[in-house]
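Work through the exercises below with the sequence and the coordinates open. Each task is followed by a solution in steps.

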Amino acid sequence: MSKHLSKLTSPLIAVILGLVVGAIIMLASGYDPIAGYGSMIGGIVGDSYYVGESVRTIIPYILAGLAVAFAFRTGLFNIGVEGQLIVGWLAAVWVGIAFDLPRIIHLPLAILAGAVAGALWAFIPGYLKAKFRVHEVIVSIMLNYTALHVTNYLIRNVLTDKLDKTERIADTASLRSPFFESITDFSRMHWGIVVAIICVIIMWFILERTKTGFELKAVGFNQHASEYAGMSVNKNIILSMVISGAFAGLAGAMEGLGTFGYAAVKGGFTGMGFDGIAVALLGANTAIGVVLAALLFGGLKAGALNMPLETGIPSEIVDIVIALIIFFVASSYFIRWIAARFKKGVK
Amino acid sequence: MDFYQVLQIIIPSMIALAAPLIFTSLGGVFSERAGVINIGLEGLMVIGAFTGIVFNLMLADVFGEWTPWLAVIAAMIAGLLFSILHAVACITFRADQTVSGVAINLLAVGLTMFLVKLIFDKGQTDRITETFPRIDVPLLSDIPFIGPIFFANGYYIVYIAILISFVVWYVLYKTPFGLRVRAVGEHPMAADTMGVNVTKIRYAAVLLSGAFGGIGGAIYATIFSNEFNHATINGQGFMAIAAMIFGKWHPIGAMGAALFFGLAQSLSIVGSSLPFFKDIPSVYLLIAPYVLTIIALTGFIGRADAPKASGQPYIKGKR
């Protein structure tokens, strides 16, 4: 098996194993897995409404996946995407409500606010890592909860008077698209898909075509060698976290400006930040891989909503499948070990 | 309301809220001391909470007032079994420990909510009827001044939590097993050279963390939420991780940090009805544990350093 091929096979095997175990769980709980997966696929591409809703789900998955993947390339684990996403969501909505501007300025400004807020929130773990060598995983986990409580407080006490959600954003800041709505039977599909695709290109361009990207990747491969070659490891660590956080903030902005049009008090996390880890892992931290993985996971999530309606299977089965896929990707040593065994057996 | 009465309200609620954190953070201490990062504590608590509540609902008629205690034991076993996944992935298959932990968390919520919908056909369980009774500790609660604050109107399981943290300290620092756990987490190769079975010790430590996490989850659900839904355990596991770090990976330290975080939580809940505290916006108290942990890590209040080998799989023969 060539090296190039095995790069693709290991995620593929992980996905198949995840779906198979999901089917076994359905069987064991007395459901028909074929009907289950059938209704799921129906929920992804069944008609134009479902397609629109699937695309809408995929938008933040692409951006959250890019955020995690970008940091991974510099050797950083940004588990704080969730927090950066929440902060970006609120910032974008805030700008969307507070200003009265023509669309051509207002919309970009609101999107930018989301990106900047996410970037600032990610700057904290980046700076602490660079300056104090504090592990970014712990800091960003703590910041996730800090973000949750602080944004809830701001929504209740600053943006509104003790209400649980903000007013709607101005139309001039909205990503909603009458065009997409008309072709997808009034789904909530919005212009965010364009933003997501632009970000995919930006990530690819930064990493593959610029000096900055080269340095970021070099630091990810070997900090000591990069330092010796005259690169500033600390600068690159902070930069990587900031760019990663900007992607995460955009994911939140897409939800705030596109899907919902407001920010609400949250009892818990959206989960998109953690699913972004799954997307990045499965996509092998490349721009195109992230798109493919986001299509899969976003599709699974959107399709899952159709399962209880048609077959009575709880939609949580998809969360189980996604978690299992992460397990199998993470344990790729195990998959390679099995593959090696299998090959020996054939000989 | 004078200050003494305020203490009588805050302290028992602080200790009660700290109990699940103490158990779970002790689990974290075991795992990380052996060199395996366990972000999955949150998920292990979810499993514990689910098992505790379901056991309680199904067998309350059989066991009566003993139900919560047996439910905690059932949750301990469930947490232990579930943590095998993390152990196999991290130790045998050399998976990234943080990623495996994230997967544990997602899987725990997915699996338990799937089962809840399967069993109860709705988004949450029924409410349990048998919970831990509030008690006054005999003799100790009669001590003037201290007694009514610390030993009245509490739960036995809470005092057990504090005692257990001393037991864990003894095990980690005074027994051969504890020495091996710490050696494996600091320098697995050296431990291996001395004849310690690194794999076995790490497995034991991760399974212990699962058992403790399960207990923590069950206690939280039994005392505070009385039912199980997707938001029953919402950050408790991560707060336990924070307590472990704030306590510098030491059992007694973790217990102290858990008590302190319990205080912050209790103030955020009851503070609004008390003088002195009602003017503090609760958001400060809610984020205090997390912000303080970040500050602790940066070294402003004495640097907290993780065990040297934490996060690295041990591959025999690799230098």
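**Exercise 1.** Determine which residues B:F132 touches, leaving out those up to four places away in sequence, and decide whether B:F132 is buried or exposed.

Solution. The model is a predicted one.
- Step 1: the contacts of B:F132 are B:P68, B:Y155, B:I157, B:T222 and B:I223.
- Step 2: place the residue; B:F132 sits in the loop between helix 4 and helix 5 of chain B.
- Step 3: count neighbours. B:F132 has 21 other C-beta atoms within 10 Å, so it is buried; the cut-off is 20 or more.
- Step 4: take a separation along the chain. B:T67 is 65 residues apart from B:F132, and their C-alpha atoms are separated by 9.0 Å.

**Exercise 2.** Find the sign of phi at B:R94 and at B:D121, then classify the exposure of B:R94 and of B:D121.

Solution.
- Step 1: recall the background. Most residues other than glycine have a negative phi.
- Step 2: B:R94 is not a glycine, yet its phi is positive, about 55°. B:D121, also a residue other than glycine, has a positive phi near 60°.
- Step 3: locate them. B:R94 lies in the loop between helix 3 (67-92) and helix 4 of chain B, while B:D121 belongs to the loop between helix 4 and helix 5 (146-150) of that chain.
- Step 4: B:R94 is partly exposed because it has 17 C-beta neighbours inside 10 Å. B:D121 has 9 C-beta neighbours inside 10 Å and therefore counts as exposed.

**Exercise 3.** Describe the side of chain B that touches chain A: which helix gives the most to it, and with how many residues?

Solution.
- Step 1: the contact takes 36 residues from chain B and 35 residues from chain A.
- Step 2: on chain B, at least two residues each come from helix 4 (97-120), helix 10 (236-246) and helix 12 (282-298).
- Step 3: helix 4 of chain B gives the most, with 14 residues.
- Step 4: sorted by class, this side of chain B has 25 nonpolar, eight polar and three charged residues.

**Exercise 4.** List the buried residues of helix 7 of chain B and name helices that cover them.

Solution.
- Step 1: helix 7 spans residues 176-186 of chain B, and its buried residues are B:R180, B:V181, B:R182, B:A183, B:V184 and B:G185.
- Step 2: the cover includes helix 1 (3-33), helix 6 (156-174), helix 8 (188-193) and helix 9 (198-225) of chain B.

Terms used. Residues are numbered from 1 along each chain as its sequence is written. Chains are lettered from A and ligands numbered from 1 in the order in which they are written. This is a predicted model: local features need pLDDT of at least 70, side-chain atom pairs count only at pLDDT 80 or more; totals for chains, interfaces and linings use all residues. A residue is buried if 20 or more other C-beta atoms lie within 10 Å of its own, exposed if 12 or fewer, and partly exposed in between; C-beta atoms are placed from the backbone. Helices (H or I, at least four residues) and strands (E, at least two) are DSSP runs, numbered from the N terminus. Two residues are in contact if their C-beta atoms, placed from the backbone, lie within 7 Å. Ala, Val, Leu, Ile, Met, Phe, Trp, Tyr, Cys and Pro count as nonpolar, Asp, Glu, Lys and Arg as charged, and the others, Gly among them, as polar.
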